[in-house]
Amino acid sequence: MTDSTGGPLLSVRNLSVAFRNEGGETLAVSGVSFDLQKGRTLAVVGESGSGKSVTALSVVRLLPYPAARHPSGEILFKGHDLLKADEAELRTIRGADITMVFQEPMTSLNPLHSIERQIGEILKLHGASGDASVRRKVIELLTEVGIPDPESRLSAYPHQLSGGQRQRVMIAMALANAPDLLIADEPTTALDVTVQAQILTLLKALQARHGMAILFITHDLGIVERFADDVVVMTKGEVVESGPTAKVFAAPKHAYTRHLMAAAPKGEPPVAAPEAPVIVEADQLRVWFPIKAGFLRRTVGHIKAVDGVDFKLRAGQTLGVVGESGSGKTTLGLALLRLISSEGPIVVLGRRIDGLDSSAMRPLRRDVQAVFQDPYGSLSPRMTVADIVGEGLSVHEPGLSADARDARVVEALVEVGLDPETRHRYPHEFSGGQRQRIAIARAMVLKPKFVMLDEPTSALDMSVQAQVVDLLRDLQARHGLAYMFISHDLKVVKALANDLIVMKDGKVVEAGPAAEVFAAPKQPYTRALMAAAFRLESIGGVIADG
Amino acid sequence: MATLPAAKRPWLSPVNRRRWQNFKANRRGWWSFWIFLVLFVAALLSNVIANDRPLVVSYKGEILFPVLVDYPEEKFGGFLAITNYRDPYNRDEIENNGWMIWPPIRYSFDTPNTEAPTPAPSPPAFLLSPAQRCAAYADGVNAKDCIFGNMNWLGTDDQGRDVVARALYGFRISVLFGLTLAIVSSIVGVAIGAVQGYYGGLTDLLMQRFIEIWNAVPTLYLLIIVSSVIAPSFLVLLLILLAFSWTHLVGVVRAEFLRARNFEFVRAARALGVGNLTIMRRHLLPNAMVATLTFLPFILNGSITTLTSLDYLGFGLPAGYPSLGELLRQGKTNVFAPWLGITGFMVVAVMLSLLIFIGEAVRDAFDPRKTFQ
């Protein structure tokens, strides 16, 4: 195909997408238009449900047709309308002229095929032949995306690679046929901040080398600002603002854009109070998983998920725990809740709880609560909100009458800012942010002293994150709660934590008052983490992962 | 806190409401469901549809209910312990002193027709002329008893018993046996699958190995051996079949629990201090119920087929029980009386087909991928 018009590489005109469902049709995208020039990067930014991914998938016609349809619009790629193209023509375009990189590299790669085979398949589908030449090309591609020692990785399977490496393989597959347009649908959302910075740097370098255009779908304005030439802001299926990135960021015109930009978690963490009573204390806490081998399953070694962590957490204070995935943050939190077994003393409210069995632990559980990461997974889909929030009451205050319990549930829901009238609905009727409020209400209804917050904002949109952070801070001030806030998102941690521990491979690398650590990180690992989180820069050498 | 007006709580969750809509949308399954329900209710009322006793008797000003109560014959001037209402002497005695209302079919499953038109097995009434039908009665066509309710609509079996009555009672016992077996074995299977999936580890390993060994026991041989020692009654047969049929559901329920026990809402419940049993019942069981309910109609079918085939082979319910398998066996022995085999076949085929159609509709209704059509 040749560029017959001399116009933009991709031009989307008045595109609408409708989905058929039980009640009729829902318009997911309506009247979206944008242009993408050759060799440029266009970012489509918006919160979940804004229709940005649906727009991107429409370009290559990957929506679930016929449940989805396009009531209006045209998608001109090099002057050809892709909406009118037949399936055969689309197949020659997909994977060759237009390629995609998706959010979750683990599920985008076939777990049963080696990476050589997966990349080779793309090459062969679009005309390459000869095993030796295909193999040479695969090695070339892997070198280009920065997989170290690519010859030895050819026969590796996706599960043998780290998340960042998997995403690099995905990018290698996308690059295989020298596309003119790369569609990247949240390609870094599932990755650690440090890896995220590396992948972005890689994409930028590849774009400079090959001159391809990138359509970048994201919810992260920080990425847009650093990465995109032009930006399209979407909400509720419509484009509200578009233009050159620098211009939009300097002077956002639409109220929604301003709202998005103001959405970063703000506010000050509580001031350290060294005289406040200690709520939770751990001393050389260890969680070691035995590695068993041989016929007799003898323990030959240990995976040290948490290796000698100690801290003191006082009432009204927040301890931030940061680190990359696999650093043992979540394991530490679960060990404190005694949901997995650990060694080393844990003292909660002056009482040692390690070694207590589950029935001895039960009365203590009302003081020690948790909020988990995924608001979709942490609420039972078959229980009403009232049942979910009231469940803890039925365990810890079995004497409560049904009316009294209901009153407590209502009180908790009001406290987290939800309409108590909705308490007989089921979780799927609520948005992500509302679900996380329900999860917080479930913890708060028991009036705990200590709450373990395991990435409570990671699955939420930026503006919702800010609301949840405000809510948590407000609850803390009102009830003098002690928080352990586990997160890989340093911005949120900065807004909440007054003490910080930085973890790597189960060990504490750096600990201290949060203000000090953020202002002057002592360890190179901490510095790399902060550079990636606040400036999207990757510092080589410290982060081993590819 | 001001008390709020009690918000209405929907009795069906939205998910279940959608499933119910899906089930209704499947026309074949929906109609099968209603036909089966009507047949099942009719079969449950077999005693008032086909019986050798009147429903209501008025005798000397007294209202009697022979279907429910055994009255001695001396009440009507006879001497037997239990009144035979089909006896012309008793009938005349009652009708002279009152009246009685008969069920539409005046035979129970074990009532021999003493006035059968031909030697047993006698053919269905619609194959005979009016004169032939009443040949055995003293007054011929004018006989007082030669009426519709005393006809053998689908003939008699080789012991002179009415085929319609036997099919009706046989349908009832088959469905009741199948339902009991399916429900009890589902309860046992779900409980064991739940324990295996939830606790995992050694518990799971040992129970899985046990089930593998247990499944290797040949049920049929065991039944033959047991039936040579004790006479297999309804209950004995149920227990023996139960001992081997509970394993059907263990696999799916175990898999469902293994999958769901690591969900975050289960972890959240444990963090709240909810006990293991409550977690299993409240959080995990609803997930496993989808698999169970989807399998249930097919397990029910399997149970009915097992009972019928055992009866057919002669290892099932003892003689005297109205069973479809026994009707089929009579059809095989008396090939010159095709109404036996055809009736048995039709009843079994219709019953199993209806259940399969219902089962398909249930399976589709629970299919999460069928959300949008």
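I take two strands as paired where DSSP finds at least two bridges between them, and with that in mind I began this notebook on a predicted model by looking up β7(A) and strand β8 (residues 181–185) of chain A, which pair in the parallel sense over four bridges. Within that pair, I noted that Ile98(A) stands opposite Leu181(A) in β8(A).

**Entry: the sheet in chain A**

I next followed the strands outward and found an open sheet of six strands in chain A, with the order β7-β8-β9-β3-β10-β11 and with mixed pairing. At the edges I found β7 (98–101) and β11 (238–244) of chain A, and because each has a single partner strand, one side of each is left without a neighbour in the sheet. I also looked up the turn between neighbouring strands of this sheet, which is 15° on average when direction is ignored.

I then asked how many residues of strand β9 (residues 213–218) of chain A are buried. Six of its six residues are buried, and I wrote the strand down as mostly covered. Ala213(A), Leu215(A) and Ile217(A) point one way from β9(A), while Ile214(A), Phe216(A) and Thr218(A) point the other way, and all of them are buried.

For the neighbours of this strand, I noted that strand β3 (residues 41–45) of chain A is joined to β9(A) by five bridges and that the two run parallel; here Val44(A) stands opposite Ile217(A). β8(A) and β9(A) also run parallel and are joined by five bridges, and in this pairing Leu182(A) has Ile214(A) as its bridge partner.

**Entry: two residues with positive phi in chain A**

I looked up Lys78(A), which is not a glycine and yet has a positive phi of about 55°. I located Lys78(A) in the loop between β5 (74–77) and β6 (80–81) of chain A, and I count Lys78(A) as buried because 20 other C-beta atoms lie within 10 Å, where 20 or more are needed.

Leu349(A), again not a glycine, has a positive phi of about 50°, and I found Leu349(A) in the loop between β15 (346–348) and β16 (351–352) of chain A. Is Leu349(A) buried or partly exposed? I entered Leu349(A) as partly exposed, because it has 17 C-beta neighbours inside 10 Å.

**Entry: where the chains meet**

Turning to the two chains together, I found 29 residues of chain A in contact with 21 residues of chain B. On the side of chain A, the elements that give two or more residues are β1 (10–21), β17 (368–371), α14 (385–396) and α15 (402–415). The largest share of that side, four residues, comes from α14(A), and by class the side has eleven nonpolar, eight polar and ten charged residues.

I then looked at helix α11 (residues 264–271) of chain B, where eight of the eight residues are buried, so the helix is largely enclosed by the rest of the structure. Among these buried residues I noted Glu264(B), Arg267(B) and Arg270(B), as well as Phe265(B) and Val266(B). What do the buried residues of α11(B) pack against? They pack against β17 and α14 of chain A, together with α10 (247–260) and α12 of chain B. Just after α11(B), I noted that Gly273(B) takes a positive phi of about 90°.

**Entry: helices that pass α14 of chain B**

I looked up helix α12 (residues 276–313) and helix α14 (residues 338–366) of chain B, whose axes come within 8 Å and cross at roughly 170°. The two helices are therefore roughly antiparallel to each other, and their crossing is left-handed. The contact is made by residues including Leu293(B), Pro297(B) and Ile304(B) of α12(B) and Leu352(B), Gly359(B) and Arg363(B) of α14(B). I recorded the classes in this contact as 14 nonpolar, five polar and one charged.

The axes of helix α2 (residues 27–44) of chain B and α14(B) also come within 8 Å, and they cross at roughly 135°, which makes α2(B) oblique to α14(B). I noted this crossing, too, as left-handed. Among the residues that make the contact are Trp30(B), Phe33(B) and Phe36(B) of α2(B) and Leu354(B), Phe357(B) and Glu360(B) of α14(B), and the residues of this contact divide into nine nonpolar, two polar and two charged.

Conventions. Residues numbered from 1 in each chain as written. Chains lettered and ligands numbered in written order. Predicted model: local features only at pLDDT ≥ 70, side-chain atom pairs only at ≥ 80, totals over all residues. Axes fitted to C-alpha atoms, helices over the stretch in contact; angles between N-to-C directions. Parallel < 35°, antiparallel > 145°, perpendicular 65-115°, else oblique. Left-handed = near helix turned anticlockwise from the far one by under 90°. Contact = placed C-beta atoms within 7 Å. Nonpolar A, V, L, I, M, F, W, Y, C, P; charged D, E, K, R; others polar. Buried ≥ 20, exposed ≤ 12 C-beta atoms within 10 Å, placed from the backbone.
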